[in-house]
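Me: Could you take me on a close tour of the aromatic side chains in this protein and what surrounds them? I'd love one connected account rather than a list.

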Amino acid sequence: MSPAPNNPARFFWICLSLSVLLALAAWWWLRPSAVPVARTAPMTNAAPAISQATTNPSRVAANPLPVASKTLLITKDAAASRQRLAELSQRLATLPPKEAAAAIRQFLDSKADAPTGQGFKIGANGALSSAPTFRVFLLDQLGRLDPAAAADYSKVILSSMDSPDEWAVALRNLAWGDTSDEGRALLEQKTSEMLQYEPWQQNPSAGFLEAFDVAVYLGGTSLIPTLTDFVQQQDNPAVAHASYLALDRLVINNPTAALAALLADTGLMQGREATRANYFARADVGNPQQRQILENYLLNPQISPAEINTFAGLFPNANYMISPNLLTQTQTPNHDALVSRDAASLNVVQQWLADPRFAQLRPSLEKTEARLAGYVQQENQGQ
């Protein structure tokens with residue numbers, strides 16, 4: 001046995017200190033592992049959804065178009081709607097084209113829409129200056145921002161006959177963004193389907209009428225029978241006028257093929273013979289092929305004296321209808337070209353008057369000669 005300590009108080013404090021040290025050691029050994037506390041990231045102005053949309057255009061979580069559509073629905077003032085659409089157009093233009101196209105396609109797929117209080121009007125280079133609905137506006141924007149994506153989405157629009165105005169812009173977008181043989185074939189097929197869709201014919205919208213320009217863009221003669229049929233529809237003046245203009249521009253752009261097609265089947269313009277005279281008066285007799293077609297027309301026994309008289313009063317036809325179109329532009333001759341054409345036409349008319357084959361046409365051709373001689377004389381005096 002150990003001897004007892006000489007000082008009991010000192011012994012007490014020593015034991016107490018040892019107990020505290022043992023308790024601290026046990027606590028340190030048995031404590032739980034530390035768990036780091038995550039820091040809260042500082043707030044920024046950019047929402048995570050926008051970053052996701054930037055890296056993945058197919059997911060446009062911050063798509064502003066649904067809100068814009070709802071705003072248009074409650075906007076009654078056309079000027080306010082125009083301003084909102086202009087602002088939205090600027091916003092879309094600031095986005096990467098693929099991201100803007102994804103946002104537009106996402107909204108179009110929703111089938112939502114809103115009126116704009118505006119008409120279907122064409123501005124420079126075939127772009128719309130105003131659109132009647134939000135969807136038509138977006139299709140126009142899509143064509144401007146990403147032509148390839150717009151041409152691809154045109155196939156969705158053209159798969160169902162929902163809206164003639166949407167079809168008009170979709171056809172334009174297809175022409176802009178797909179110049180392949182397959183794209184052109186689809187464009188011609190869908191243009192024919194649109195023009196011959198009776199519900200749209202009977203109540204033609206502005207977009208439906210403007211779409212006749214696609215036939216001019218396509219050229220050729222395959223749609224001429226359809227257009228001449230419409231020209232004869234006196235009970236539908238809007239469609240008849242759109243067809244007249246389309247045929248006129250076809251003749252201007254490719255007179256040899258178009259006039260040959262009209263002459264090959266004189267029944268195509270039955271009841272609109274004076275209109276046909278307008279077209280043939282555009283022939284350029286300085287071109288051997290066109291002169292031959294024109295002479296065949298004048299000597300054709302199926303062409304009435306009244307039609308010949310109309311032709312004689314117009315030839316050479318220098319009247320041009322100038323307007324912005326979806327796809328084509330009307331090229332007009334300058335002053336020098338018109339003067340040269342008048343002189344060449346006068347020379348040919350005088351040859352016809354000396355040709356026995358045209359003896360029956362002399363009264364009409366003499367009027368043409370006098371008119372053209374006056375033009376040439378005025379021009380010579382002014383020099």
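Reply: Happy to, and phenylalanine 212 is a good place to begin: with a relative accessible area of 1%, the residue is buried. Please keep in mind that this is a predicted model. Phenylalanine 208 is buried as well, at a relative accessible area of 0%. Across the structure there are 12 aromatic pairs. In the one made by phenylalanine 208 and phenylalanine 212, the ring centres are 5.7 Å apart and the planes meet at 85 degrees, so this pair is edge-to-face.

For another geometry, go to phenylalanine 280 and tyrosine 297, whose rings are stacked, with 4.0 Å from centre to centre and 0 degrees between the planes. This pair links distant parts of the chain, since phenylalanine 280 belongs to helix 16 and tyrosine 297 to helix 17, 17 residues apart. Both partners are buried. They are also members of one aromatic cluster, which Phe280 and Tyr297 form together with Phe311, Phe315, Trp352 and Phe358.

Two details beside that cluster deserve your attention. One is the backbone at phenylalanine 315: the peptide bond from this residue to proline 316 is cis, with omega near -10 degrees. Most peptide bonds are trans, which makes this a spot to look at. Proline 316 is found in the loop that runs between helix 18 (305-314) and helix 19 (335-353).

The other is leucine 298, a residue of helix 17. Its relative accessibility is 4%, so leucine 298 counts as buried. Setting aside residues up to four places away in sequence, leucine 298 touches three members of the cluster by name, Phe311, Trp352 and Phe358, and its other contacts are Ile308 and Leu361. Between leucine 298 and isoleucine 308 the C-alpha to C-alpha distance is 7.0 Å, for a separation of 10 residues in sequence.

The loop between helix 16 (273-280) and helix 17 (288-299) brings us to arginine 282. Is this arginine 282 buried or exposed? Arginine 282 is buried, because its relative accessible area is 9%, under the 20% cut-off. Its charged end sits over the ring of tyrosine 320, 4.8 Å from the ring centre. The side chain of arginine 282 also makes a polar contact of 2.7 Å with the side chain of aspartate 248. Beyond Asp248 and Tyr320, arginine 282 touches Val251, Ile252, Gln290, Asn317, Asn319 and Arg341, again leaving out residues up to four places away in sequence. A second arginine over a ring is arginine 172, which lies over the face of tryptophan 176 at 3.9 Å from the ring centre.

One of the contacts of arginine 282, Ile252, leads on to empty space, as Ile252 helps to line the largest cavity. There is 1 cavity of 30 Å³ or more, and the largest cavity holds about 30 Å³ of space. Besides Ile252, its lining consists of Val216, Arg249, Asn253, Thr328, Gln329 and Thr330. Helix 14 (residues 237-253) contributes the most to this lining, with 3 residues.

Helix 14 also gives the largest share, 6 residues, to the lining of the largest pocket. That pocket has a volume of about 260 Å³. Of its 15 lining residues, Leu209, Glu210, Ala242, Leu245 and Ser323 lie nearest the centre. Helix 11 (206-210) and helix 12 (212-218) join helix 14 in supplying at least two residues each.

To place all this in the whole chain: the secondary structure comes to 20 helices and 2 strands, and buried residues make up 41% of the 383 residues. Among contacts with a separation of 6 or more, 65% are between residues 24 or more positions apart. Helix 7 (residues 147-157) gives a further look at buried side chains, with Tyr153 buried along with Ala149, Ala150, Ala151, Ser154 and Ile157. Covering the buried residues of helix 7 are elements including helix 5 (97-109), helix 6 (134-145) and helix 8 (164-177).

Notes:
Residues numbered from 1 in each chain as written. Predicted model: local features only at pLDDT ≥ 70, side-chain atom pairs only at ≥ 80, totals over all residues. Heavy atoms only, no water. Helix = DSSP H or I, 4+ residues; strand = E, 2+ residues; numbered from the N terminus. Buried < 20%, exposed > 50% of the residue type's maximum accessible area, 1.4 Å probe, protein only. Polar contact = N/O pair within 3.5 Å; in protein donor to acceptor, adjacent residues only side chain to side chain. Contact = heavy atoms within 4.5 Å. Phe/Tyr/Trp six-rings, centres within 6.5 Å; stacked < 30°, edge-to-face > 60°. Lys NZ or Arg CZ within 6 Å of the ring centre and 35° of its normal. 1 Å grid on protein atoms, 1.4 Å probe; cavity = no way out; pocket = protein on both sides within 12 Å on 5 of 7 lines; lining within 4 Å. Points joined across faces, edges and corners; volume = space filled by probe spheres on them.
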